[in-house]
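Please open the structure in your viewer and keep the selection tool at hand. The stops below are meant to be taken in order.

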Amino acid sequence: MRLPAISGIIDRRILANYRIDPKCMAAALPAPFRPQTVNGYAIGGICLIRLKNVRPKWFPIPWGIGSENAAHRIAVEWDVNGQTKHGVYIPRRDTSSILNSIAGGRVFPGIHHHAKFTVVESVDHYSVTMTSDDGGANVHVSGTVDSASLPVDSTLPDASVFDSLKSASEFFEFGSLGYSDTNTAGKFDGLELECKNWHVESLKIDSVQSSYFEDQSRFPNGSVEFDCALLMRDIVHEWHGRSDLCCSP
């Protein structure tokens with residue numbers, strides 16, 4: 001039995017995004033997903049999220065658990081009863097929480113692999129490194145945000161597929177429904193993120209690394225490039241389990 005809703009605080013969320021050749025991305029996606037494109041590019045990325053005060057929504061106490069988490073995610077679309085749906089496909093989730101790694105795919109959606117996270121933060125600088133226990137994934141992202149308030153129309157890197165921070169913010173806010181791999185081929189767990197105070201800032205990246213997006217058997221040289229990074233802080237949110245998505249493996 002899965003929890004109907006989980007609430008908490010997104011203490012910090014980094015979205016490090018890549019622009020990808022859509023043909024290469026399509027070849028890496030399972031049915032029924034296909035890449036959602038922006039200005040001719042598929043969009044994939046790493047979500048590095050620290051959660052705190054996470055608990056069942058109905059639980060009558062003001063505290064909960066915390067954890068560091070990482071997800072590789074791809075913006076996708078698919079068809080249901082003749083209608084096109086949008087969201088993200090998540091080929092892998094990793095977590096610092098043993099509880100999450102045990103409960104993932106059982107109590108709440110998505111298989112979670114246990115991993116070690118090394119985090120160094122100051123007021124305006126963030127560095128997160130993740131190495132999974134099973135050796136299946138590793139990630140590093142470091143960058144700086146202006147400690148002064150950044151307006152929503154702040155500029156992104158010149159080469160970004162997004163015209164502005166506002167357009168990037170709207171794109172990722174719209175892709176709130178995610179589907180993760182399960183132990184059953186062709187079946188995907190659904191989970192939707194609902195943010196009560198959505199707000200992003202532009203993060204200037206010093207270095208970024210992802211074993212998934214740097215795998216040249218999946219993405220040949222020149223087919224994937226770093227695009228931009230966004231930062232979210234102190235976001236009140238809820239997670240809602242959604243119906244499984246099933247298709248022929």
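What follows is a tour that begins with the whole chain and then moves from strand to strand, with a helix and the cysteines along the way.

The model is predicted, so local features are described at a pLDDT of at least 70 and side-chain atom pairs at pLDDT 80 or more, while totals for chains, interfaces and linings use all residues. Residues are numbered from 1 along each chain as its sequence is written, and side-chain values use heavy atoms, with hydrogens and water left out.

**The whole chain**

Colour the chain by secondary structure, which comes to 3 helices and 14 strands; helices (H or I, at least four residues) and strands (E, at least two) are DSSP runs, numbered from the N terminus. Buried residues make up 50% of the 249 residues, where buried means under 20% relative accessible area, exposed over 50% and partly exposed in between (1.4 Å probe, protein chains only). If you display contacts (heavy atoms within 4.5 Å), residues 24 or more positions apart account for 69% of the contacts with a separation of 6 or more. The accessible surface is about 11,700 Å², of which 52% belongs to carbon and sulfur atoms; these areas come from the Shrake-Rupley method with a 1.4 Å probe, and for residues only the protein chains shown count as cover.

**Strand β5 and its partners**

Select residues 65-80, strand β5, where 12 of the 16 residues are buried. Which strands pair with β5? Two strands pair if DSSP finds at least two bridges between them, and β4 (residues 41-56) meets this in the antiparallel sense over 9 bridges, with isoleucine 49 standing opposite asparagine 69 in β5. Strand β6 (residues 83-95) is also antiparallel to β5 and is joined to it by 11 bridges, and β2 (residues 34-35), again antiparallel, is joined to β5 by 2 bridges.

Centre next on valine 76, which has proline 35 opposite it and glycine 87 as its bridge partner in β6. Then follow β5 into its hairpin with β6, where 2 residues lie between the strands and asparagine 81 in the turn has a positive phi of about 50°.

**Glycine 44 in β4**

Move to glycine 44, which is found in strand β4 and counts as buried at 2% relative accessibility. Its C-alpha is 7.1 Å from that of isoleucine 20, although the two are 24 residues apart in sequence. Beyond the neighbours within four places in sequence, glycine 44 is in contact with residues including Tyr18, Arg73, Ile74 and Phe213.

**Helix α3**

Select residues 165-174, helix α3, and show the side chains of its buried residues, Leu165, Ala168, Ser169, Phe171 and Phe172. Viewed down the axis of α3, these residues fall within an arc of 165°, so they line one face of the helix; the arc is that of the directions from the helix axis to the C-beta atoms. They pack against several strands, among them β1 (5-20), β4, β5 and β14.

**Strands β10, β11 and β14**

Go on to β10 (residues 177-181) and β11 (residues 187-195), which pair in the antiparallel sense over 5 bridges, with glycine 178 opposite leucine 191. The two strands form a hairpin with 5 residues between them, and glycine 186 in the turn has a positive phi of about 85°. From β11, 8 bridges lead to the antiparallel strand β14, and cysteine 195 stands opposite histidine 237 there.

Stay in β14 (residues 224-246) and pick histidine 240, which is buried with a relative accessible area of 12%. Its side chain makes a polar contact of 2.8 Å with the side chain of glutamate 238; such a contact is a pair of N or O atoms within 3.5 Å, and within protein one must be able to donate a hydrogen and the other to accept it, residues adjacent in sequence counting only if both atoms are side-chain atoms. Isoleucine 235, also found in β14, is buried at 1% relative accessible area and is in contact with residues including Gly8, Ile10, Cys195 and His199.

**The cysteines**

Finally, select the cysteines: how many disulfides are found in the whole structure? The search finds 0, a disulfide being a pair of cysteine sulfur atoms within 2.5 Å. The sulfur of cysteine 47 is 9.9 Å from the closest cysteine sulfur, that of cysteine 195, which is too far for a bond. Cysteine 47 is buried, with a relative accessible area of 6%, whereas cysteine 246 is exposed, at 55%.
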